[in-house]
Amino acid sequence: MMTRYMFMVIASLLASVLAAAAEPEFKVYQVARAKEGPKIDGILEDPCWNNIARISGFTQVITGSGPAKEQTSVAMVSDDKALYMRIECADADVAAKVKEHDGAVYTDDCIEIFIEPKNIHKSAHHFVVNALSVQYEEDPEQGKDWNGLWETSAKKGENGWSAEVMIPFASLGTAAKEGDIWGFNVCRENYVSGNERYTELSCWSDTGGGFNAPERFGHIVFGSYLACLKDNLLPEMAKRRQDIESFMKEHPKAAADCKPRYEQVVKSIQEISDAVKAKDIITEKEFSELYPKSEATLRTLDGLIYELRLAALLLE
Ligand SMILES: [Ca+2]
Ligand SMILES: [Ca+2]
């Protein structure tokens with residue numbers, strides 16, 4: 001007979017398996033700085049694209065699972081003004097017909113780009129370009145009535161289609177600086193011919209369903225991973241620590257309950273800080289471990305300050 005203990009063990013194993021399946025793999029891409037951005041002409045040979053890492057390995061969603069049959073490759077660089085993308089879509093049957101700006105370009109062979117500068121996994125600017133270079137763009141407030149300026153040039157080639165894209169920081173309302181981390185995803189709608197024509201939906205960071213899923217986006221980092229942790233996340237944690245500590249000092253009654261958990265968080269901040277300070281370079285693999293930890297720590301700090309304020313209201 002299954003004991004209560006066995007049941008608990010199985011239940012917790014099951015929960016951890018389900019949790020692992022639900023979380024997408026952490027995806028991050030380092031945007032290199034270009035001396036000079038590319039000319040947006042659809043010819044992918046500007047010097048800025050030399051030796052730049054490419055995102056690939058798109059995963060199918062909704063229409064299937066596992067790697068997309070026709071793959072996509074994306075490289076990015078930035079300068080003071082904009083984020084630039086170089087996109088190549090392997091495609092045996094390029095199908096696009098929508099010619100109207102803000103029309104249903106997402107029903108054509110197209111690329112969908114999601115950018116969330118605040119990186120709070122809530123809502124994103126959304127840019128779509130089809131294989132005819134027709135654009136659709138929307139923002140969280142105005143939907144498709146938002147017409148932020150961006151440039152695209154798409155071209156049909158022998159093995160598919162390609163595009164160059166420039167998204168000016170002015171259109172996003174914020175410029176990226178060294179060490180910034182933004183929520184980001186790039187997805188693709190692709191009509192594939194076979195016995196029967198069907199659509200293949202795929203994306204870089206696995207959304208597990210519809211594309212507009214900010215909580216499952218990947219990330220882009222401007223500059224080095226080290227700068228992102230050292231100059232951005234650690235100071236952010238220090239700032240929140242300061243807020244919490246001064247609040248606890250002023251409200252000792254409210255602090256009593258939160259203190260043990262706060263001390264736990266301080267320990268994990270120290271661990272992150274030690275790991276960062278010991279390095280001259282942070283690799284993608286190290287960042288992929290340290291960033292989710294840092295983000296979780298920031299969330300815990302936010303939760304604690306909220307709890308402290310609430311407790312102060314109730315107790316004092
Ligand atoms: Ca629009
Ligand atoms: Ca196609």
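Ile62 sits in the loop between strand 2 (59-60) and strand 3 (72-78), where strands are DSSP runs of E with at least two residues and helices are runs of H or I with at least four, both numbered from the N terminus. Although not a glycine, Ile62 has a positive phi of about 60 degrees. Ile62 has 15 other C-beta atoms within 10 Å and is therefore partly exposed; 20 or more would make a residue buried and 12 or fewer exposed, with partly exposed in between and C-beta atoms placed from the backbone.

The model is a predicted one, in which local features need pLDDT of at least 70 and side-chain atom pairs count only at pLDDT 80 or more, while totals for chains, interfaces and linings use all residues. Residues are numbered from 1 along each chain as its sequence is written, and chains are lettered from A and ligands numbered from 1 in the order in which they are written.

Taken as a whole, the protein has 5 helices and 12 strands, and its C-alpha atoms fill a box of roughly 70 × 60 × 40 Å along the principal axes. Of its 316 residues, 34% are buried. Among contacts with a separation of 6 or more, 66% link residues 24 or more positions apart, a contact being two C-beta atoms, placed from the backbone, within 7 Å.

Now to strand 6 (residues 125-130): 6 of its 6 residues are buried, so the strand is largely enclosed by the rest of the structure. His125, Phe127 and Val129 cover one side, and His126, Val128 and Asn130 the other, all of them buried. Strand 6 runs antiparallel to strand 5 (residues 110-116), joined by 6 bridges; strands pair if DSSP finds at least two bridges between them. Here Ile115 stands opposite His125. With strand 7 (residues 135-138), strand 6 is again antiparallel, through 4 bridges, and His126 has Glu138 as its bridge partner. These two strands, 6 and 7, form a hairpin with 4 residues between them. In that turn, Ser133 has a positive phi of about 70 degrees despite not being a glycine. Ser133 has 20 other C-beta atoms within 10 Å, so it counts as buried.

As for the helices, helix 4 (residues 252-277) and helix 5 (residues 284-315) pack at about 165 degrees, with axes 10 Å apart. Axes are lines fitted to C-alpha atoms over the stretch in contact, and angles run from 0 to 180 degrees between N-to-C directions. The two helices are therefore roughly antiparallel, the word for angles over 145 degrees.

Conventions. Parallel < 35°, antiparallel > 145°, perpendicular 65-115°, else oblique.
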